[in-house]
Amino acid sequence: MLIFPASHNHLAASAASVIVAIGLSLSSAQASLVISKQATRNVNCSGGICSAVAPDAVLSVNDVKTMLRAGDLTVQAGPASDIRRSATVKWTKKTLLTLNAATTITFSAPVRVEGKGSVALVASEDSFGPRLAFIDKGSVTFLHQKSQLLINGESYKLALNLADLNNDFVANFEGSYALGVDYDAASDGVYQQSPINQIFSGHFEGLGHIVSNLQINNSGGDYIGLFAELSRASGTSRIRDIGIKDAKITAGGDSCVGGLAGLNQGHVSHVFASGSVVVDGTTLDAGGLIGCNIGSLDEAQASVDVTGNVAGGLVGILEDGDIENSFATGNAQGIVGLNPALAGGLVGNGNSGTIASSYSTGQVNSAVTAGGSIGSSFLATYSDVYWDTTTSGTQVGCGEGSCAGVTGLTTAQLQAGLPVGFDPSMWKQTAQTNNGLPYLKNVPPPD
């Protein structure tokens, strides 16, 4: 646990019901404090503490940098207004930046701790953890492991590569960890098993970072992905705020295989994956993001081409879990193996659980059963789930089983406006992004 100077002890107290953010434009109905290139206004700063005192508050990034060079700085939310501009905050001194908000902290520009400084974040929480959002180029980067990160009073150990994470998980599978940098896994070569090959029951915070060029070639592991398995043992285990870009994963054996995780029994949110997942016919469940989902998945997207015995653009099999506010754009190919081949644009096998406010666009093919959204549907239930009838190549939403709550729309219809059941506070749509299709505000499609 980090110990901060006495002048910062008040940070555990509630702030005003507003948002503190780094460079995001929000609606005028939301109060917020922005750190930008504009001149400071409606903010009082004294003794290393800056507090908004009126709506439309701005704190100049130059003032932030000056104060961090002099000592610790706390930015407190108050009756502040919308965000106007974005700005990069970086410093080299061994000082602490604290952002304190009662609701959400949103980053749309980088925060870079280039020395051995520290960051403390205070925000409200939901079932997926602290309400943090990293959009556009937003991230919190640490260049030294001796820096410190505190989120809602919880100390996170920093990792700068995948080996650090795996070694730390071996030592403490219930700890709290954060990825401090974007990481290019190409230099690691081809993994024979999951890079983070431990059953993890703790908290992982990606801080808006991306793991790119991950390659795995496995011949028979149980759970294959960047993370092998997120456990439900602690009841609150989670992975959030991380992207997997241009992954190439191949596997065999009786496995659950996904770009992010083989098995999810915890909480996963604010994540994306791109690339390919290819498994042989003996492998049971393959998904673009999660192989086997028994936990909760929210605000997630995948652009992964998936081939497997049971293939889903987002999730291989949904088993007593739930998926909400998510979408998949990759193709799904079901091949004959231990079970009849199943392919679904969103989920290969909807065995049980719930899916809500989600959609898929990928082409689906199978030697046996394919559905634009769900390959095979048993006891799962659906609400406001859609598939693209133009790009999927099928007019069938579920290859077999009940498909109530799943609706087919053409590409033009999906581009015409948010579908029924899609909350505009979470979803956005512009002609210039994601081919004009709906996308998540908190998880913008990667470049």
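Two strands count as paired if DSSP finds at least two bridges between them. Keep that in mind for the first exercise, and remember throughout that this is a predicted model.

**Exercise 1. Work out how strand β6 sits among its partners, and which of its faces are covered.**

Start with the partners. Strand β4 (residues 49-52) runs parallel to β6 and is joined to it by three bridges. Here serine 51 stands opposite glutamine 76 of β6. Next comes strand β8 (residues 96-100), also parallel to β6, this time with four bridges. In that pairing, threonine 74 faces threonine 98 of β8.

Now the faces. In a regular strand the side chains alternate between the two faces of the sheet. For β6 (residues 73-76), Leu73 and Val75 point to one side, while Thr74 and Gln76 point to the other. All four are buried, so both faces of β6 are covered.

**Exercise 2. Trace the order of the six-stranded open sheet and find its edge strands.**

The order reads β23-β26-β29-β32-β36-β40, and the pairing is parallel. At the edges are β23 (223-224) and β40 (369-371), each of which pairs on one side only. Zoom in on the β23 end: β23 pairs with strand β26 (residues 256-258) in the parallel sense, over two bridges. Within that pair, isoleucine 224 sits opposite valine 257 of β26.

**Exercise 3. Describe the largest nonpolar core and the surroundings of one of its best-connected residues.**

This core has 60 residues, and those with the most contacts inside it are Phe204, Leu226, Leu260, Leu289 and Leu297. Strand β25 (residues 238-251) gives the largest share, six residues. A separate core has 35 residues, including Val43, Leu97, Ile105 and Phe134.

Take leucine 226 as the example. Leaving out residues up to four places away in sequence, leucine 226 touches, among others, Leu162, Ile196, Val211, Leu214, Ile216, Ile242, Ile244 and Leu260.

**Exercise 4. Two charged residues, arginine 238 and aspartate 298, are buried; explain what each has around it.**

Arginine 238 first: this residue is in strand β25. Arginine 238 has no salt bridge, and the nearest side chain of opposite charge, glutamate 154, is 4.0 Å away. What the arginine 238 side chain does have is a polar contact of 3.4 Å with the side chain of histidine 203. Beyond four places in sequence, the contacts of arginine 238 include Phe128, Tyr156, Phe200, Phe204 and His267.

Aspartate 298 next: look for it in strand β31 (residues 296-308). Again there is no salt bridge, with arginine 240 as the nearest side chain of opposite charge at 8.7 Å. The side chain of aspartate 298 makes a polar contact with that of asparagine 325 (3.4 Å). Once neighbours within four places are set aside, aspartate 298 is in contact with residues including Phe128, Val268, His270, Glu324 and Met426.

**Exercise 5. Locate aspartate 136 and aspartate 320, and say what stands out in their backbones.**

Most residues other than glycine have a negative phi. Aspartate 136, though, has a positive phi of about 50 degrees, and aspartate 320 has one of about 60 degrees.

Where are they? Aspartate 136 lies in the loop between β14 (132-134) and β15 (139-142). Aspartate 320 is in the loop between β33 (315-318) and β34 (321-328).

Buried or exposed? The cut-off for exposed is over 50% relative accessible area. Aspartate 136 has 62% relative accessibility, so it counts as exposed. Aspartate 320 has 57%, so it is exposed too.

Terms used: Residues are numbered from 1 along each chain as its sequence is written. This is a predicted model: local features need pLDDT of at least 70, side-chain atom pairs count only at pLDDT 80 or more; totals for chains, interfaces and linings use all residues. Side-chain values use heavy atoms; hydrogens and water are left out. A nonpolar core is a set of buried Ala, Val, Leu, Ile, Met, Phe, Trp, Tyr and Cys residues joined through side-chain atoms within 4.5 Å. Buried means under 20% relative accessible area, exposed over 50%, partly exposed in between (1.4 Å probe, protein chains only). Contact means heavy atoms within 4.5 Å. Lys and Arg count as positive and Asp and Glu as negative; His and the chain ends are not counted. A polar contact is a pair of N or O atoms within 3.5 Å; within protein, one must be able to donate a hydrogen and the other to accept it, and residues adjacent in sequence count only if both atoms are side-chain atoms.
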